[in-house]
Amino acid sequence: MKVTEDGDLNHRQLRNEGELQRISAEQREDADACVPLKMIETDNTNTNEPNEELFEQILSSENLNQAYRQVKKNKGAGGIDGMQVDELLPYLRDHKDELLESLREGTYRPTPVRRVEIPKENGKTRKLGIPTVVDRLIQQAIAQILSPIFEKQFSESSFGFRPNRSAHDVLKKSQSYITAGYKYVVDMDLEKYFDTVNQSKLIQILSERIKDGRVISLIHKYLRAGIMVEGMFEESPEGVPQGGPLSPLLGNIMLNECDHELEKRGHRFVRYADDLMIFCRSRKAAQRTMEHIVPYIEKKLFLKVNREKSKVTHVNYVKYLGYSFYIYRGEGRLRIHPQSIRKLKDKIREVTGRSNGMGIEERKTKLNQVVRGWTNYFKLADAKSQLKEIDEWMRSRIRMVAWKQWKRIRSRYDYLKKAGVSKEKAWMWANTRKGYWRTAHSPILRIALPNKRFEQAGYLSFTGCYSAK
């Protein structure tokens, strides 16, 4: 098979076992390295066969090539060595043999991850660990082989970072429980889950299913690789650093123990990554459930439950994955949580800000991306009236940008006159001393920049995208 890199150079096929084939570059927008990688399905592993030779499957040409394609597709920033994804192929071309040999001999040592802190809504930060691109390749290769094995064991009530399962699926499952009469929930919050995973317990769980000690040893090395913080090395005796391809799978493997315990006890629940909700028919039942499950999580899995954030409440007061719930005529329904609306408006303010340096076309493209992506995610909600209000607010933001761009009195006068405003009113508004935001809401700008003009210019609307869902 002949393949190209970035559409320019042709490379010969690499025939030897374990060698990485060169592939064509994926042309997509840069992905944030801190976003968890999407779990993909793979046919590389026969889950019915003994897994003593999993290490050979991980290092097979087919699996490594697939891992390379996925790393290339996800892009993202480099680790502490500074190597970028586009530099991975040249590196493998020169060092693939020694890399594979060190992996087979057990002498390979993963590089410490680069610490990145992402601000959270509560003012705190989420700590992420960005592996080097070489380590991302190896982690991806491991995840592709282990994922099908553990998929057979995972609960039907678990949805995060699994093939063919999404946030929409977990929300629909929640709706079905509410409609069935389970109106009270244990909203469980695990404190700094990925940072506090007990590595010994995780290795024990892995060893019960994975009989190839070389795979267990390599995973353990990644867990203990350490972290670089502002040039200083820190050990990682606990936790699973978020940011690598292997982290979501390991997180699910650990919490799968909790899933099966809940199933044994007959509970109805949903889990998306570490966001767990247990549904009950009454507040008393939910309180009993809370009292009984917390000791299991803390004493058996050695995880820490955040008692301040964990609560027993009615479904009406729950925020889950950006949505909230309500009951209408006995049916569980979804709406958009007010906090999600605030975050959306903050994003639109950022795009329509006066000092972001964007031109008209770039701003329109960015706004359309926000509108399309946000509406696609919240399409399950009952939100027509909310989206209509947001559309009006967003158009006012665009009118404000236009008013700022016209700047001079003469320019404003000319634009208003061309829009059909009388000379007297055009001159009066061109000289107004009202602020930008107040002027954006004025009838005069609604005449000069009507909604129809936004449509003709190619601006998307939330109501339009929502109606087309």
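Start by selecting N164, which sits in the loop between α4 (133-151) and α5. You're looking at a predicted model, by the way. N164 is exposed, because its relative accessible area is 66%. Check its backbone too: phi is near 60°, a positive value in a residue other than glycine. Most residues other than glycine have a negative phi.

Now jump to L321 for another positive phi, about 55°, again in a residue that is not a glycine. You'll find L321 in the loop between β11 (319-320) and β12 (323-328). Is L321 buried or exposed? With a relative accessible area of 19%, L321 is buried, because the cut-off for buried is under 20%.

Next, go to helix α5 and pick S174. S174 is buried, with a relative accessible area of 0%. Show G332 as well: the C-alpha atoms of S174 and G332 are separated by 8.1 Å, though the two residues are 158 apart along the chain.

**Aromatic rings**

Time to colour the aromatics. How many aromatic pairs does a search of the whole structure find? It finds 13. Take F150 and F154, a stacked pair with 6.4 Å centre to centre and 25° between the planes. F150 is buried at a relative accessible area of 2%, and F154 counts as buried at 7%.

Then select Y177 and F279. Their ring centres are 5.3 Å apart and their planes stand at 50°, so this pair is tilted. Y177 belongs to helix α5 (residues 167-179) and F279 to strand β9 (residues 275-280), so the pair links distant parts of the chain, 102 residues apart. Both Y177 and F279 are buried.

For a group rather than a pair, select Y323, W374, Y377, F378 and F462, which form one aromatic cluster.

**Salt bridges**

Side chains of opposite charge can pair when their charged atoms come close. The structure holds 14 salt bridges. Try K72 and D86, whose closest N and O atoms are 2.9 Å apart. K72 is in helix α2 (residues 61-74) and D86 is in the loop between α2 and α3, 14 residues apart. Turn the model to compare their surroundings: K72 is buried at 3% relative accessible area, whereas D86 counts as exposed at 54%.

Move on to R265 and E261, which meet in a salt bridge of 3.0 Å, N to O. Here R265 is partly exposed at 35%, while E261 is buried at 15%.

Another one to select is R333 with D382, where the closest N and O atoms are 2.8 Å apart. This bridge links distant parts of the chain, 49 residues apart: R333 is in strand β13 (residues 331-336), and D382 is in the loop between α12 (360-377) and α13 (384-406). Both ends are partly exposed, R333 at 24% and D382 at 27%. After that, highlight E56, D212 and R214, joined into one network by salt bridges that share partners.

**Charge on the surface**

Finish by switching to a surface view. Which residues gather in a patch of positive charge? Select K120, K124, R126, K127, K192 and K309. K120 lies in the loop between β3 (113-119) and β4 (125-130) and is partly exposed, with a relative accessible area of 32%.

For the opposite sign, select D94, D97, E98, E101 and E105, which form a negative surface patch. D97 is in helix α3 (residues 88-105) and is exposed, at 51% relative accessible area.

Notes: Residues numbered from 1 in each chain as written. Predicted model: local features only at pLDDT ≥ 70, side-chain atom pairs only at ≥ 80, totals over all residues. Heavy atoms only, no water. Patch = residues over 30% accessible without salt bridge, like charges linked within 9 Å, V, L, I, M, F, W, Y side chains within 5 Å. Areas by Shrake-Rupley, 256 points an atom, 1.4 Å probe, with all protein chains shown as cover. Salt bridge = Lys/Arg side-chain N within 4 Å of Asp/Glu carboxyl O. Lys, Arg positive; Asp, Glu negative; His and termini not counted. Charge placed at Lys NZ, Arg CZ, Asp CG, Glu CD. Helix = DSSP H or I, 4+ residues; strand = E, 2+ residues; numbered from the N terminus. Buried < 20%, exposed > 50% of the residue type's maximum accessible area, 1.4 Å probe, protein only. Phe/Tyr/Trp six-rings, centres within 6.5 Å; stacked < 30°, edge-to-face > 60°.
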